[in-house]
Amino acid sequence: MGLEVLNQWKCFGGTQSVYAHASEATGTRMEFSVFDPGKGPAPVLYWLSGLTCTWENFTAKAGAQRYAAEHGLILVCPDTSPRGDDVPDAADEYDFGKGAGFYVNATQQPWSKNYCMYDYVVSELPGVAEATVETTGQRGISGHSMGGHGALTIALKNPDQYKSVSAFSPIVAPSQVPWGHKALGRYLGDDRAAWADYDATELVVARGWNGDILIDQGSKDQFLEEQLRSTLFSDACAKAGVTLDLRFQEGYDHSYYFVASFIGEHIAWHAARL
Ligand SMILES: N[C@@H](CCC(=O)N[C@@H](CS)C(=O)NCC(=O)O)C(=O)O
């Protein structure tokens, strides 16, 4: 399967690339970005973005390349859903359909044909993205909001594949918040047992985590109380005996200004563990 180079820029001594390919998991053309510091084999940090995003939000707004170059990490950022005219969507809803794949494998019609973002990120993207760079074989994962949910659930379910996990403003308990009720209910159906397999708060108790976890959460995040509810996850980690550093950052909101303010610390944190 061919890889199309959509763009390449020199950036902090390395290369920022954007690629497209035909995905087997989603049955669509998928785009993703890769930053390579270009100094030989490096670990890979996967970044999963939030609602309404593509690979571009993090790549253009977070300012992560400076720190990735400094610490010698490759960055890979996928899209947040399948795209294309033939892909079902909920056009008037920012929190469902395109731009809102929730990193699950949908089981319900009409979503199940294309909305297989879990398989895409876990089983297909690493092979495709890592063929463009030289890696050490080590992988970490992080993300923002819906992407924080993706990072936590994917790491907890695949500890052999991801050695480090962190998140910004993550959805930690989709089974208990409106964004999650809507997305999991429609992608997975009414059976709440199926939701538990994509719920970090449930997964950390069921599976544990052999390492520590870092979460940054803005205290003035407009979604904190209704949708994010970070302390549900810190309570679950305490119960599971998992070390979580949940940092409430005073005065910060949900935006990429917040992500940009702390991404350097997350990259250093991952680099120390990979
Ligand atoms: N008010 C936003 C709600 C969605 C939102 O805040 N999305 C976050 C992730 S949950 C984001 O990163 N948006 C894109 C950006 O800030 O670049 C909208 O409707 O676009």
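Mentor: Two residues are in contact, or touch, if their C-beta atoms, placed from the backbone, lie within 7 Å. The model above is predicted, so local features need pLDDT of at least 70 and side-chain atom pairs count only at pLDDT 80 or more, while totals for chains, interfaces and linings use all residues. Residues are numbered from 1 along each chain as its sequence is written.

Trainee: Which residues does phenylalanine 32 touch, not counting residues up to four places away in sequence?

Mentor: Phe32 is among the residues that touch the most other members of the largest nonpolar core, which has 81 residues. Such a core is a set of buried Ala, Val, Leu, Ile, Met, Phe, Trp, Tyr and Cys residues joined through C-beta atoms within 7 Å. With residues up to four places away in sequence left out, Phe32 touches Tyr19, Trp55, Val76, Cys77, Pro78, Asp79, Leu125 and Ala129.

Trainee: Which helix gives the most to this largest nonpolar core?

Mentor: Besides Phe32, the residues touching the most other core members include Ile74, Val104 and Tyr187. Helices (DSSP runs of H or I, at least four residues) and strands (E, at least two) are numbered from the N terminus. With eight residues from the stretch 117-130, the helix that gives the most to this core is α3.

Trainee: Which residues does the UniProt annotation "active site" cover, and why do they gather at one spot?

Mentor: The annotation comes from an unreviewed UniProt entry, and such annotations may be inferred rather than shown by experiment. It covers Ser145, Asp221 and His254. They span 110 residues in sequence, yet they gather at one spot because no two of their C-alpha atoms are farther apart than 10.7 Å.

Trainee: Is serine 145 buried or exposed?

Mentor: Ser145 sits in the loop between β6 (135-143) and α4 (146-157), and among the residues it touches are Gly50, Ser169 and His254. A residue is buried if 20 or more other C-beta atoms lie within 10 Å of its own, exposed if 12 or fewer, and partly exposed in between. Because Ser145 has 26 C-beta neighbours inside 10 Å, it counts as buried.

Trainee: Within what arc do the buried residues of α9 fall?

Mentor: In helix α9 (residues 230-240), the buried residues are Ser230, Phe233, Ala236 and Cys237, whereas exposed Ala238 and Lys239 are carried on the face turned away from the buried side. The buried residues pack against α7 (200-207), β8 (212-218), α8 (224-228) and β9. Seen down the axis, they line one face of the helix, because the directions from the axis to their C-beta atoms fall within an arc of 125°.
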